[in-house]
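Me: I'm a first-year student and I'd like a close look at one part of this protein. Could you pick a spot where two helices meet and walk me through it?

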Amino acid sequence: MQAELLIHAQWMLPVDPEDRQLTEHAVAIAEGRILAVLPSAEARQSIQAERVVELPGHVLIPGLVNAHTHAAMTLMRGLADDLPLMTWLHDHIWPAEQRWVDPAFVGDGTRLAVLEMLRGGVTCYNDMYFHPDVTAQVTAEAGMRAVIGMIVVDFPTGYADCADAYIAKGLCLHDQYRDHPLIRVAFAPHSPYAVCDAPLQRVRTLADELEVPIHLHLHETHDEIVQSLRDHGERPLSRLDRLGLIGPNLVSIHMTQLEEAEIARLAETGAHVVHCPESNLKLASGFCPVARLLEAGVNVALGTDGAASNNDLNLLGEMRTAALLGKGVAGSASAVPAAAALRMATINGARALGLEDEIGSLEPGKSADLVALDLRDPHTQPLYHPVSQLVYAAGRHQVRQVWIQGRQVLRDGMPTRLDTAEIVATAQVWGERLEIMG
């Protein structure tokens with residue numbers, strides 16, 4: 001067999017249906033896709049490769065999928081910490097956005113986010129923010145994969161002045177990236193409290209026609225539930241269900257306030273949940289019942305949220321927090337085991353975004369989106385079980401190599417298509433501008 005690239009790793013976690021943990025295996029790649037996953041000894045005999053990469057002491061995993069971000073908000077990292085959600089939003093974040101968010105802000109913030117995510121092993125992210133055309137352009141230029149949200153809110157911003165205008169701009173974005181190899185789009189109505197019934201119904205109709213996901217914040221806080229009961233006489237999930245939005249294309253973010261009947265409804269309809277444990281903890285928003293959702297058959301993915309409320313885009317850290325918090329909430333040490341946390345950060349995220357046939361696992365035919373971490377670091381020694389060390393002990397500094405569609409975007413810990421010094425210098429300039437808002 002002929003291959004363009006053959007990667008040998010000491011350990012491999014393909015995140016396949018059997019959750020195998022492989023030792024001394026190789027991945028053969030051609031034209032950006034995985035040709036085969038096989039023992040290294042066999043690969044050395046049967047595969048002729050133009051380039052061979054040897055990774056002793058490394059674990060090879062699928063690229064991580066950050067299923068909820070506001071990428072450009074990296075420029076607001078640390079701007080308004082230690083505040084409850086609505087105070088944080090109304091008194092700090094929204095005023096800062098009104099003052100500063102424009103295409104230049106979004107471009108520079110997205111570059112910083114993409115750099116951070118690639119260095120942490122994230123190869124695909126799902127974004128919701130203003131000027132999504134800029135986010136898409138910057139991400140594509142970096143060679144990264146993303147699902148870019150067609151943002152919708154009722155109120156005017158520097159990007160659009162009403163819900164219809166947001167939707168119209170989103171449809172233009174969809175047309176622009178319809179056939180792009182790395183960029184997909186999704187509708188991204190911010191939340192039930194920021195979008196009224198009529199635009200939500202239009203989003204549902206268009207999402208069905210275009211076969212794209214609907215990505216929105218939902219059941220994030222207790223106050224959201226109280227407000228919905230006051231204004232609509234029903235809980236937000238019930239309202240969305242009445243409007244026809246609960247289904248297999250719904251990507252619901254946070255979901256910290258759930259009743260048993262609502263969990264059953266999510267499972268019945270095939271809706272997806274994205275758990276953002278560190279953001280929820282920092283904003284004291286509540287606890288997503290991950291173990292109960294998984295037991296009910298709901299697909300649960302992982303997201304970081306934006307760096308303004310986390311304060312990082314570290315999906316390795318989210319895996320560890322999700323596993324530990326899941327045990328604490330469930331009252332069971334066996335809840336959300338390491339393998340489940342890894343699935344949440346890979347194939348579950350791909351499934352939520354409608355990309356499970358393309359990414360999320362190391363299987364023949366899929367895109368060659370791969371990450372190699374060096375486990376020889378003291379943080380991960382001695383090594384008994386690679387998946388446990390990956391989830392409970394590994395750090396971003398151990399991410400050494402990253403490929404997307406077979407193209408190397410991180411080599412020996414350094415990006416191949418981004419200028420780190422320039423991006424950091426630009427971020428510092430923005431920090432000086434925004435400091436007066438802190």
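Reply: Here's a walk through one helix pair, followed by a look at the chain around that pair. Keep in mind that this is a predicted model.

Let's start with the two partners. Helix α3 runs over residues 103-119, and helix α16 covers residues 420-434. Their axes are 10 Å apart and they pack at an angle of about 130°. Angles from 65 to 115 degrees count as roughly perpendicular and those over 145 as roughly antiparallel, so α3 ends up oblique to α16. As for handedness, the α3 and α16 crossing is left-handed.

Who's actually touching? On the α3 side, the contact uses Ala104, Phe105, Asp108, Arg111, Leu112, Leu115 and Arg119. From α16 come Thr420, Ile423, Thr426, Ala427, Trp430 and Leu434. Sort the residues in this contact by class and you get eight nonpolar, two polar and three charged.

Now zoom out to the chain. An unreviewed UniProt entry annotates residues 59-409 as "domain: Amidohydrolase-related". Across that stretch, the chain is 42% helix and 18% strand, and its end C-alpha atoms sit 18 Å apart.

There's also a domain assignment, which splits things up another way: domain 1 takes 2-62 + 370-404, while domain 2 takes 64-353. The C-alpha centres of these two domains are 30 Å apart. Where they meet, 19 residues of domain 1 are in contact with 29 residues of domain 2.

How values were computed
Residues are numbered from 1 along each chain as its sequence is written. This is a predicted model: local features need pLDDT of at least 70, side-chain atom pairs count only at pLDDT 80 or more; totals for chains, interfaces and linings use all residues. Side-chain values use heavy atoms; hydrogens and water are left out. UniProt positions are given in the numbering used here, feature names are shortened, and annotations may be inferred rather than shown by experiment. Helices (H or I, at least four residues) and strands (E, at least two) are DSSP runs, numbered from the N terminus. Axes are lines fitted to C-alpha atoms, for helices over the stretch in contact, and angles run from 0 to 180 degrees between N-to-C directions. Angles under 35 degrees count as roughly parallel, over 145 as roughly antiparallel, 65 to 115 as roughly perpendicular and the rest as oblique. A crossing is left-handed if the near helix is turned anticlockwise from the far one by less than a right angle, and right-handed if clockwise. Contact means heavy atoms within 4.5 Å. Ala, Val, Leu, Ile, Met, Phe, Trp, Tyr, Cys and Pro count as nonpolar, Asp, Glu, Lys and Arg as charged, and the others, Gly among them, as polar. Domain bounds come from an automatic or database domain assignment.
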